[in-house]
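Subject: Structure for your review

Dear colleague,

Please find below the structure that I am handing over to you. A summary of the findings follows it.

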Amino acid sequence: MMASRYQALNEPTDRERAKAERREALLREATRLFAQHGYAGVSLEDLGAACGISGPAVYRHFAGKQAVLIALLVDMSKDIYDGGQKACEAGGTALEVLSRLVDFHTDFSLSRPDILQVQDRDLKSLPAAELALVRKLQNSYIALWTNELAKLHPTGSKQSHRFRAHAVFGLLNSTAHSAHSPRTKKSGLKPLLSNMALAALTSPVV
């Protein structure tokens with residue numbers, strides 16, 4: 001009985017759920033609008049209108065437009081690192097881990113091309129502290145890949161491992177953005193990208 005009361009007290013109210021849903025809607029629309037028009041080309045009024053509220057009402061959820069960008073890019077960086085870490089924690093050979101990393105990153109790129117475009121174009125609009133945090137998370141994510149590449153190619157240099165990882169990111173991220181066009185046929189795209197990425201990662205050290 002006491003446990004049930006405690007659980008009931010800690011469950012979000014309808015108002016809290018509605019506020020959380022509105023915040024998520026604002027983040028979704030911000031991702032779409034920033035990708036289409038750039039961070040500088042979108043106002044709080046634009047963002048509010050996309051969610052059916054006024055511009056000033058956005059302040060109930062975020063301190064300002066920059067706070068929206070911070071939430072988008074910091075959360076994205078955490079999501080990518082966490083996903084990569086899970087792929088590594090599953091264990092196995094270096095090739096098996098790299099295959100899971102490729103699978104994860106390909107899925108992420110194909111399902112969230114807009115946020116990747118926002119990061120690529122508007123990352124420098126973050127305040128210094130948040131920019132440093134995103135850079136730290138990015139470097140930690142890259143290290144997950146280069147650690148496995150060092151096992152797969154023990155004679156390769158750290159620089160070559162990092163170059164391979166960045167080459168794969170470029171392939172997956174840029175192609176995923178191009179594939180977002182409605183004219184692009186998406187069937188078979190994931191296995192094609194995955195095979196190309198693995199070929200780049202496993203090619204012999206020159």
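How many nonpolar, polar and charged residues does the lining of the second largest pocket have? The model in which this pocket is found is a predicted one. By class, the lining has seven charged residues, four nonpolar residues and one polar residue.

The second largest pocket has a volume of about 240 Å³. Its lining is made up of Glu24, Leu27, Arg28, Thr31, Arg32, Ala71, Leu72, Asp75, Asp79, Arg112, Asp114 and Ile115. Two or more of these residues come from each of α2 (14-37), α4 and α6. The helix α2 contributes the most, with five residues. As for its position, the pocket lies between domain 1 (13-62) and domain 2 (68-202), because both domains give residues to its lining.

I turn now to the largest pocket. Its volume is about 500 Å³. The lining comprises 21 residues, and those closest to the centre of the pocket are Leu116, Gln119, Gln138, Phe169 and Asn173. The elements that supply two or more lining residues are α4 (65-89), α6 (113-122), α7 (128-152) and α8 (158-179). Of these, α8 provides the largest share, namely six residues. The class composition of this lining is ten polar, nine nonpolar and two charged residues.

The remaining findings concern the nonpolar interior. In soluble globular proteins, nonpolar side chains tend to be buried together. In this model, the largest nonpolar core has 54 residues, and Phe34, Val68, Leu73 and Trp145 have the most contacts inside it. Two or more core residues come from each of α2, α3 (44-50), α4, α5 (94-111), α6, α7, α8 and α9 (189-202). The greatest contribution is that of α4, with twelve residues. Domain 1 (13-62) and domain 2 (68-202) both give residues to this core, and it therefore lies between them.

Leu73 may serve as an example from this core. If neighbours within four places in sequence are left aside, Leu73 is in contact with Ile115, Val118, Gln119, Asp122, Leu123, Leu126 and Val134. Two of these partners also appear in the pockets described above: Gln119 is among the residues closest to the centre of the largest pocket, and Ile115 is one of the residues that line the second largest pocket.

In summary, the second largest pocket and the largest nonpolar core each lie between domain 1 and domain 2, as both domains give residues to them.

Yours sincerely

Note on methods: Residues numbered from 1 in each chain as written. Predicted model: local features only at pLDDT ≥ 70, side-chain atom pairs only at ≥ 80, totals over all residues. Heavy atoms only, no water. 1 Å grid on protein atoms, 1.4 Å probe; cavity = no way out; pocket = protein on both sides within 12 Å on 5 of 7 lines; lining within 4 Å. Points joined across faces, edges and corners; volume = space filled by probe spheres on them. Helix = DSSP H or I, 4+ residues; strand = E, 2+ residues; numbered from the N terminus. Nonpolar A, V, L, I, M, F, W, Y, C, P; charged D, E, K, R; others polar. Domains from an automatic or database assignment. Core = buried A, V, L, I, M, F, W, Y, C linked by side-chain atoms within 4.5 Å. Buried < 20%, exposed > 50% of the residue type's maximum accessible area, 1.4 Å probe, protein only. Contact = heavy atoms within 4.5 Å.
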